[in-house]
Amino acid sequence: MADVLHLLGAGPDPVAGTGTAPGTGTAAPPARMLTLTGPGGIGKSRLALEVAARLRPAFPDGVHFVDLTPVHDAALVPGAVAQALGVRDTGDGPIADKLVMALRERRMLLVLDNLEQVVGAGPFLATLLSAAPGLVLLQTSRVLLRVSPEHSYEVGPLAMPGRHGDLDAARSAPAVALFVERARALRPDFDVTAVNVDAVVAICAALDAVPLAIELAAARVRVLPPVAMLARLDRRLPLLTGGGRDLPERQQTLRRTIEWSVDLLDDDQRALLTTLGVFDGPFTLEAVEDVGGPGGAGTGTDADDALSLLGALVDSSLVRQRDEEDDPEGVPSFTMLATVREHARERLEADGRLDAVRDRHAEHYERLGREAGPLLLGPGLRTWSARLALEDAELRATARHLLDRGELDRAAAFAWSLYTYWWVGGRLGEVRRWMDEVLAAPGDVAPRTRATALYFTRAITFWQDPDDLVVPGLTESAEIFRAEHDPWGEALALVSLALARLTAATPDPARAAEALGTALELFRGAGSRWGEAMTLVTQGRVAILEGRVPEAAGCFEESLAAARQVHDPLGEAIALHHLGWARLLLGRVREADADFRENLRLSARLRHDDGVAYGLEGLVAVAASTGDVERAGTLLGAAEALREQTGLYNSPTSPSTSSPSTRCSTTRAAPGSRRPGPRGGTWRSRTRRARAEHDGRAGRGRRGRVVTRWRAVPGDDRVLPFTLGVSWLVLPFLLVALVLLYLLPESTDRLFAWTIEPPLTAMFLGSAYMGGIWFFTQVVRLRRWHRVQYGFPAVVLFAMLLGAATLLHWDRFHHGHVSFVAWAVLYVTTPFLALVALLLNRSADPGVPEQLDVRVPRPVRLVLGIGGGVALLAGLVLFAVPSVGIELWAWELTPLTARVVGAVLTLPGAVDLWLLVDDRWTSFRWMFQAQLASLALINAAWIVERDDLLWDRPLAWLFAGGVAGALVVYAALYLWGERALRVRPG
């Protein structure tokens, strides 16, 4: 242990350990990724746990253990790590990004056990380590990962006594001490004596001092004293040939020891052990009785015999019973060491029974799902969620087995039966990936299977892009459930469809209300008070969206009553959360405070992290409403830290989980309406206090109502009301300017702020205004910051340059004309307004692709980004040195028009330059639309006013060909992006 602690930077340690010291001659920086290598059973996990316990005080954010035994695909390692850390895979973004956010500011030791079967996860772990400077990885593996940050330490066998026959030396030797420890677990009076010391030492030596082999041998001490055991080992070990002869010697010894232990079992015990090889993780006694009962173990024994057989395996140390505190509600559970499980599974496959036992395993967990599903919708939620979480690896293995066997209908039915478990446990992301496989599979599936798959793949993503795929998918899902006479499924799909209509670019409350009315009738007809409560909550959200807050409060109160009638704690917590917001909007602050507190209590009891975050955020609003700035800041910090560490960015992945303020300007002060994302910043205490102070001062109306927030919540991706106001302010000016400059270019001396000659210059500027009109229209329509953010730096620069040009050429303007007043107002205010909008909204980008997004290829980004840089530089040069333009430009310019043309050139340059740092198509999709609109008008302008071009100048030909070519390039890129979005699966 001392050498491992030294490698991890813990300094000298007096504790004697195992393994050989690394041959490092000089001091090296502490390892942040240390892999303990060695054959199975050598004690890697034991050593890792001992080191972790010793280092625990050095890691204020804790030490976490991740057992990767059930994971057989490297792509699933991020999910396994996330699950161990409590980071929820809700399907609203890549789980790897959520892990980065959860870990980037934490000082934590992560112990990853049994990495050898997923060594392909090495690059992911290296990336995680790079993004989280306070993270240290201690790993066990039979092979190295071979990534750059990895350090290794080979774990050797336990130390043996140095002197033969020395009783005290034997007792203090780690190998003998382990033998005694395990023997005393079965024979408390066992000890090493002068009579048996030589036999005990010889047993340990015969087993190469491999810890697991010693444990298995010691487990037989109750029936085989050390001398008799040594005789048996001497006879049997050389005869056993388990495993290939090319395996390392210690690995062969371990396999032979396992086979020796198995051979000592009777036929029924041996058959049950082999059957247990089908389990990936912990399993219950009920599962053993079902899977290994009559016919399952190949014994013909009944379920009662399974208990006695299992007890014999536990006594033999081949199966281990978990500690009672690890088992929910006292349900006994068991597990097997990876090496023993491998041996059992190999024998199961060699016997030709693997497929049959896997089928029995799947059938058991399908039955468990059908049993648990209804009980999760009421008072049994907490108990059953804990019970299912215990066997989560088996549930996932069941789904994987059914998918691999092509049993798509059974796989969908299994996923649907445990809908509430996946939702509350933050596992919908993985379920969605299963259902993506169902939809992508060749051939037809049963209608109900398609309805289920559509629901899981669309309901998770409705907040991201509801118009293109989600609404049609949920509509089809509801229609299929109706045709299949499944009112519960139809109603659930309709509730999610209503939410999708509310979160569309153009919300449709009327159709959402219609869908909810139908859903409510269906749930009531089916006698589902749970569904009724969920639907009433969503109806209340529609009422809030339409400004009918008292009616919304009534819906939430009715939902609360329905949930309490069936003793559903989750439904009760959700209803209380929404009722709190309604009462806060009505000025009933004290009642709202009580609602949020009760929601917080229930959610904490259920371990429902999302509900806890909502409760904290509700209390933030209460504190802000009463002017308690310090309390608001503290609560806000707690809520944001929880969302960071659990990966819950407040995306409404299922009915009624998000704040009632979705798409509702009257309630956007609700922290529950935000979705912090991976680029959400650090949220230090000063930031929290500043935001709380701002909300406390400006976020309260005359009646104490919480109103619109004027600063973006990191990762929220909403366009702030201030930014929308700037857009609405600028649009009329641009529309009038477009008409005057593009349609009446020869009348600028009478109608515009200054005389522009020749007409091509006026039309060129008007084309730029066309792009601006398109851009600001999308800002108002889309209201998604990351989709429009790169237009604002360009607008700020363009407006600043035109404002400067106005001051530099003041004498050229028609000072008494109304158009000059409009021009002056626009270019005096717009640079500052657009800059403020940019600064206020700058942190709202979640920094991750949308669920339905594509990435712009790197070569394309490099070409356009470099081209944008050239255009930006050319525009700035033309503005700074207008004489260059006057001499070389494609048509006649004055100093003022040269500067205006230069300012126009900076627009596409300032946008395209961002392609060098962002590859999300949705970040540029609408920017390219604006550029296409502008380029189309520019091409039309030079064709109409071609006589204005000075064709004897090379730039005239370059300009005409350049804008025509740019139109073709941007059009081709835009068509590629749109096609890529349409063909993207899911």
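How many of the 13 residues of helix α18 are buried? I'll start there, then move out to the rest of the chain. The answer is 11 of the 13, so the helix is mostly covered. One thing to say early is that this is a predicted model.

Let me stay with α18. The helix runs over residues 392-404. Its 13 residues, at 1.5 Å a residue, should span 18 Å, and the C-alpha atoms at its ends are 18 Å apart, which agrees. The buried residues include Asp392, Glu394, Arg396 and His401, and also Leu395, Leu402 and Leu403. Ala393, Ala397, Thr398 and Ala399 are buried as well.

What do these buried residues pack against? There are several helices: α3 (77-85), α16 (354-375), α17 (381-390), α19 (408-417), α20 (419-424) and α21 (428-440). After α18 comes Gly406, with a positive phi near 80 degrees.

One of those partners, α21, holds Glu430. Is Glu430 buried or exposed? Its relative accessibility is 16%, so Glu430 counts as buried, the cut-off being under 20%. Its side chain makes a polar contact of 3.5 Å with the side chain of Arg396, and Arg396 is among the buried residues of α18. If residues up to four places away in sequence are not counted, Glu430 touches Asp89 and Arg396.

Now the chain in general. There are 986 residues, and 59% of them count as buried. The secondary structure comes to 43 helices and 8 strands. Take the contacts between residues at least 6 apart in sequence: 73% of them join residues at least 24 apart. The accessible surface is about 38,500 Å², and carbon and sulfur atoms account for 57% of that.

On to the nonpolar cores. The largest has 161 residues, and Leu276, Trp422 and Phe456 have the most contacts inside it. Helix α24, residues 487-502, gives the most to this core, with 11 residues. A second, separate core has 90 residues, including Trp823, Phe879, Ala898 and Trp921.

Which residues does Leu276 contact, leaving aside its neighbours within four places in sequence? They are Phe283, Val288, Leu310, Leu313, Val319 and Met336.

Leu313 comes up again with Leu265. Leu265 sits in the loop between α11 (249-263) and α12 (267-276). Its relative accessible area is 4%, so Leu265 is buried. Beyond four places in sequence, Leu265 is in contact with Arg220, Arg270, Leu273, Leu313, Ser316 and Leu318. Leu265 and Leu309 are 44 residues apart in sequence, and their C-alpha atoms are 9.8 Å apart in space.

Next, the strands. Strand β1 covers residues 33-37, and 5 of its 5 residues are buried. Which way do they point? Met33, Thr35 and Thr37 point one way, Leu34 and Leu36 the other, and all are buried. β1 pairs with β4 (residues 135-141) in the parallel sense over 5 bridges, with Leu138 of β4 as the bridge partner of Leu34. β1 is also joined to β5 (residues 150-154), again by 5 bridges and running parallel. There, Leu36 has Tyr153 as its bridge partner.

There is also an open sheet of 3 strands in the order β6-β8-β7, with antiparallel pairing. Its edge strands, β6 (283-284) and β7 (320-321), each pair on one side only. Between β7 and β8 (residues 333-335) there are 2 bridges. The partner of Arg320 in β8 is Thr335. For a link back to the core, Phe283, one of the contacts of Leu276, falls within the range of β6.

A last helix, for comparison with the turn after α18. In α8, residues 197-206, the buried residues are Val197, Ala199, Val200, Val201, Ile203 and Cys204. Just after α8, Asp208 takes a positive phi of about 55 degrees. As noted, Gly406 after α18 also has a positive phi, near 80 degrees.

To go back to the opening point, α18 is mostly covered, and one of its buried residues, Arg396, is in polar contact with Glu430 through their side chains. That is what I have for today.

Note on methods
Residues are numbered from 1 along each chain as its sequence is written. This is a predicted model: local features need pLDDT of at least 70, side-chain atom pairs count only at pLDDT 80 or more; totals for chains, interfaces and linings use all residues. Side-chain values use heavy atoms; hydrogens and water are left out. A nonpolar core is a set of buried Ala, Val, Leu, Ile, Met, Phe, Trp, Tyr and Cys residues joined through side-chain atoms within 4.5 Å. Buried means under 20% relative accessible area, exposed over 50%, partly exposed in between (1.4 Å probe, protein chains only). Helices (H or I, at least four residues) and strands (E, at least two) are DSSP runs, numbered from the N terminus. Contact means heavy atoms within 4.5 Å. Accessible areas come from the Shrake-Rupley method with a 1.4 Å probe; for residues, only the protein chains shown count as cover. Two strands pair if DSSP finds at least two bridges between them. The expected span of a helix is 1.5 Å times one less than its number of residues. A polar contact is a pair of N or O atoms within 3.5 Å; within protein, one must be able to donate a hydrogen and the other to accept it, and residues adjacent in sequence count only if both atoms are side-chain atoms.
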